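Biologist: I'm new to this structure, and I'd like to learn how its descriptions are justified. Could you walk me through it?

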Amino acid sequence: MTELFAYTDGACSGNPGPGGWGALLIARDGERVLKERELNGGEAETTNNRMELLAAINALEALDRPSSLTLVTDSAYVKNGVTSWIHSWKANGWRTAAKKPVKNVDLWQRLEEAQHRHDVTWEWIKGHNGHPENERADELARAGMAPFKPKKAKP
């Protein structure tokens, strides 16, 4: 039986600063990898949380048809936000329990729309802990950030 996984990560040099996001999509039949797809991008001035959100959004938006998948992130912000907090935010007119506007509301709304087409199981893993697919997603995020990082001056 084919299973679909999306491993996502975001990176930022400074917060805010240049940032990147990465996503690794893998279709597996048991332990056998059937297909892989790598995605990444970045922005010149952003935050780590925005890059984490964009990694998940782009992974879901890249799927051509409604799918069942496990989305694996090392961002508790993304996982908790999409599985728990978002319901209260919406009920409160996109305001937090403290009545402040939700940060990154544009991306939360986009993530909600992107996941609506799919049956998503959200999974959190500890980042930078030797998980091969998470490490690859991190490499993709850093590569997405690279064009936006200032070049070091030569001596």
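Modeller: Gladly! This is a predicted model. Let's start with contacts: of those in the chain between residues at least 6 apart in sequence, 67% join residues at least 24 apart.

Biologist: Thanks! What elements does the chain have, and how do they run from the N terminus on?

Modeller: There are four helices and five strands. Read from the N terminus, they run β-β-β-α-β-α-α-β-α.

Biologist: What makes the chain as compact as a globular protein of that length?

Modeller: Compare two values. The radius of gyration is 16 Å, and the globule rule gives 15 Å for 155 residues; the two are close, so the chain is as compact as a globular protein of that length. Along the principal axes, the C-alpha atoms fill a box of roughly 55 × 45 × 30 Å. Buried residues make up 45% of the 155 residues, where buried means under 20% relative accessible area.

Biologist: Now the sheet. Why are strand 3 and strand 5 called edge strands?

Modeller: The open sheet has five strands in the order 3-2-1-4-5, with mixed pairing. Strand 3 (32-46) and strand 5 (119-124) each pair on one side only, and they are the edge strands. Neighbouring strands are turned by 20° against each other on average, direction ignored.

Biologist: How do you know that strand 4 and strand 5 pair?

Modeller: Pairing takes at least two bridges, and strand 4 (residues 68-73) and strand 5 have six, in the parallel sense. Val-72 stands opposite Glu-123 in strand 5.

Biologist: Which helices pack on the sheet, and which strands do they touch?

Modeller: Helix 1 (residues 48-61) touches strand 1 (2-12), strand 2 (17-29), strand 3, strand 4 and strand 5, and its direction makes about 155° with that of strand 1. Helix 4 (residues 132-145) touches strand 1, strand 2 and strand 3, and its direction makes about 140° with that of strand 2.

Biologist: And why are helix 2 and helix 3 called roughly perpendicular?

Modeller: Helix 2 (residues 76-91) and helix 3 (residues 105-116) pack at about 100°, with their axes 11 Å apart. Angles of 65 to 115 degrees count as roughly perpendicular, and the two helices are therefore described that way. Among the residues making the contact are Tyr-77, Val-78 and Trp-89 of helix 2, and Trp-108 and Leu-111 of helix 3. By class, this contact has seven nonpolar, two polar and two charged residues.

Technical notes:
Residues are numbered from 1 along each chain as its sequence is written. This is a predicted model: local features need pLDDT of at least 70, side-chain atom pairs count only at pLDDT 80 or more; totals for chains, interfaces and linings use all residues. Side-chain values use heavy atoms; hydrogens and water are left out. Axes are lines fitted to C-alpha atoms, for helices over the stretch in contact, and angles run from 0 to 180 degrees between N-to-C directions. Angles under 35 degrees count as roughly parallel, over 145 as roughly antiparallel, 65 to 115 as roughly perpendicular and the rest as oblique. Contact means heavy atoms within 4.5 Å. Ala, Val, Leu, Ile, Met, Phe, Trp, Tyr, Cys and Pro count as nonpolar, Asp, Glu, Lys and Arg as charged, and the others, Gly among them, as polar. The radius of gyration is taken over C-alpha atoms; the globule rule is 2.2 Å times the number of residues to the power 0.38. Buried means under 20% relative accessible area, exposed over 50%, partly exposed in between (1.4 Å probe, protein chains only).
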